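Got your viewer open and a selection box ready? Here is a walk through one model, stop by stop.

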Amino acid sequence: MSARYELRFSGSGGQGMILAGIIMAEAAAIYGDKNAVQSQSYGPESRGGASKAEVIISTQPIDYPKATAIDCMLAMTQEACSKYHYDIKPGGILLIDSNEVKDVPKGHFKTISFPIIETARKELGKTIVANIISLGMIAELTGIVPHEAVEKAVLARVPAAFVELNKKAVQIGFQSAKGLK
Amino acid sequence: MAEHKKKLLQGNEACVEGAIYAGCKFYAGYPITPSTEIAEGLSVRLPKIGGKFIQMEDEIASIAAAIGGSLAGLKSLTATSGPGFSLKQEGLGYACIAEIPLVIINVMRGGPSTGYPTGPSQADIMQAKWGTHGDHPAIALTPAYVQEILTETVRAFNLSEKYRTPVIVLYDEIIGHMREPITIPEPGELEVIDREKVTCPPDEYFPYDERFEVPPLAPFGTGYRYHVTGLNHKKDGFPTNDSKQINENNLRIMRKIENHKAEIWKNEEVSLKDADVAVFSIGSTARSANFAVKAAREAGIKAGLLRPLTIWPFPDAAVKELAKRVKAIIVPELNLGQMVLEVERCAGGACKVEGIHRVDGEPITPAQILEIIKKHAK
């Protein structure tokens, strides 16, 4: 089997986890030189409930679109973390929002804790870009997609009025993760 | 031209691209998860190219409106999911007997009834064939990749126009909602079949002229007067009680598909030539199967995949031939056993047939399929 790099973005419905997954897949497959598929799972609610998006990145064609052994998972809520952390592979990375996830799961993976939502509020005055900060952090932590590709993919997805805000958010993500590796 | 020709699109978005590419100019529908993005996309796109989008009051009205759009000469589409597909069955049968080209997309979700709206399913295989009552022809296509949703939507329009019959595209929620990079083909790259033009003058025209295997359909409202009904009819479209006529009417709509099965069938084969164990699968499950087959080959097991892109008419010939040369055919499907019955029928005892079934709203994994491949390879 060719190497599959598996990412999972999880949180609560409305936190932009699916959008984060889409942007990561675009960074890899449209602005980068790899193949990627993005899939998602969510409940019938339009807000709330555990929500997850998965991105598989490979240099080969990708058949099975769902995660099997996760290289890096983001959890923005306790519910999502408790529900979805089981598939992280040994040596993988779990990135959690330190204010949201208090009951940290144990496993043969590396847990990285950071106040993602609080940072969005304090630095940018908007918690809505917490998903973009986390995207930048994942790019830095995993190195699976170049920073430029992530930035291009983010900016291609946001309305003109929010370009500066999102540019800052993704940079904060890159910088914040540097000291945490 | 967009900056990047390659785009990351969702399956349902690729369906929209396929419909536009095929020349669809009329969409009538009623939104339902997990198919709603098709309606959303076409509501934006169709008005820009002189097409019409209409959200009807329910699914029955939607298919009825699409039938009307098609009769008026426009390539017409409706999209739905399981519960809505149940409601559309009345119109589907009507389009079969009245011989009206039409494409119906069914993005399959868990059932029965409203079931599990956001979960995948492949439980509408038999409904696509037998959901509407009476003997009738059925064409159903089963893409498995986002790019294929585009190309198979185009093929669905082509087949519906060529054979003057409704064509169903069946894919599950996983493929409908997942995104992967696809390339939008340039005009001319894919074949697009347009409706055959009527050449005779209006007073010589019969919409069900038995001299043709597939009589040309004149756009309603262009001076060609005819009757359209769900009753068995004569060549002018008016109802008949003549048993010979009824018989011919019923047989011809079957024959026009039956005689062209070989052109309608489309299969993808993966390492099947020397296979001892074969997997028969569609949609997202076929992607798991492909993964499992590759893993089996790496483990030294001669496994292969037969992946039909046309599930109706059922690929009898391919399965019959395969059954003669493999030990077993494994049929993973997201239902409690539908395609497996057809595979058993075609295999006729020539090899073992085993289904893998799952209805918990989760996909059948490559590991599940690999385990059964290994069992039969022993």
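## Stop one: a strand with two neighbours

Select strand 10 and strand 12 of chain B: they run antiparallel and are joined by four bridges. Before going further, some housekeeping: this is a predicted model, where local features need pLDDT of at least 70, side-chain atom pairs count only at pLDDT 80 or more, and totals for chains, interfaces and linings use all residues. Residues are numbered from 1 along each chain as its sequence is written, chains are lettered from A and ligands numbered from 1 in the order in which they are written, and side-chain values use heavy atoms, with hydrogens and water left out. Helices (H or I, at least four residues) and strands (E, at least two) are DSSP runs numbered from the N terminus, and two strands pair if DSSP finds at least two bridges between them.

Within that antiparallel pair, click on B:E269, which stands opposite B:L306 in strand 12 of chain B. Now add strand 11 (residues 277-280) of chain B, which runs parallel to strand 12 of chain B and is joined to it by four bridges. Here B:F280 has B:L306 as its bridge partner.

Stay on strand 12 (residues 303-308) of chain B and colour by accessibility. Six of its six residues are buried, so this strand is largely enclosed by the rest of the structure. (Buried means under 20% relative accessible area, exposed over 50%, partly exposed in between, with a 1.4 Å probe and protein chains only.) In a regular strand the side chains alternate between the two faces of the sheet. Show sticks and you'll find B:A303, B:L305 and B:R307 pointing one way, with B:G304, B:L306 and B:P308 pointing the other.

## Stop two: the whole sheet

Zoom out to the five strands of this open sheet in chain B, ordered 10-12-11-14-15 with mixed pairing. Strand 10 (267-270) and strand 15 (352-357) of chain B are the edge strands, each pairing on one side only. Neighbouring strands are turned by 20° against each other on average, direction ignored; the axes behind that angle are lines fitted to C-alpha atoms, for helices over the stretch in contact, and angles run from 0 to 180 degrees between N-to-C directions.

At the strand 15 end, select strand 14 (residues 328-333) of chain B: six bridges join it to strand 15 of chain B, and the two run parallel. Pick B:E333 and look across to its bridge partner, B:H357.

## Stop three: the domain boundary

Colour chain B by domain next: the assignment gives domain 1 (1-264) and domain 2 (266-377), with bounds that come from an automatic or database domain assignment. The C-alpha centres of these two domains of chain B lie 28 Å apart. Their contact (heavy atoms within 4.5 Å) takes 32 residues from domain 1 of chain B and 22 residues from domain 2 of chain B. Between them the two domains of chain B bury about 2,300 Å², 57% of it on carbon and sulfur atoms. That buried area is the accessible area (1.4 Å probe) that two parts lose on being put together, summed over both.

Now centre on B:K266, in the loop between helix 9 (261-264) and strand 10 of chain B. Is B:K266 buried or partly exposed? B:K266 is partly exposed, at 34% relative accessible area. Draw a C-alpha distance to B:P308 and you should read 6.0 Å, although the two are 42 residues apart in sequence. Leaving out residues up to four places away in sequence, B:K266 touches B:E152, B:R155, B:R307, B:P308, B:L309 and B:T310.

## Stop four: over to strand 2

Jump to strand 2 (residues 24-29) of chain B, where five of the six residues are buried, so the strand is largely enclosed by the rest of the structure. Strand 2 of chain B runs parallel to strand 4 of chain B, with three bridges joining them, and B:F26 has B:S76 as its bridge partner there. Strand 2 of chain B also pairs with strand 3 (residues 52-55) of chain B, in the parallel sense over four bridges. Look for B:G29 opposite B:Q55.

Finish on B:T80, in strand 4 (residues 75-80) of chain B. B:T80 is buried, with a relative accessible area of 0%. Its contacts beyond four places in sequence include B:I32, B:E59, B:F85 and B:V107.
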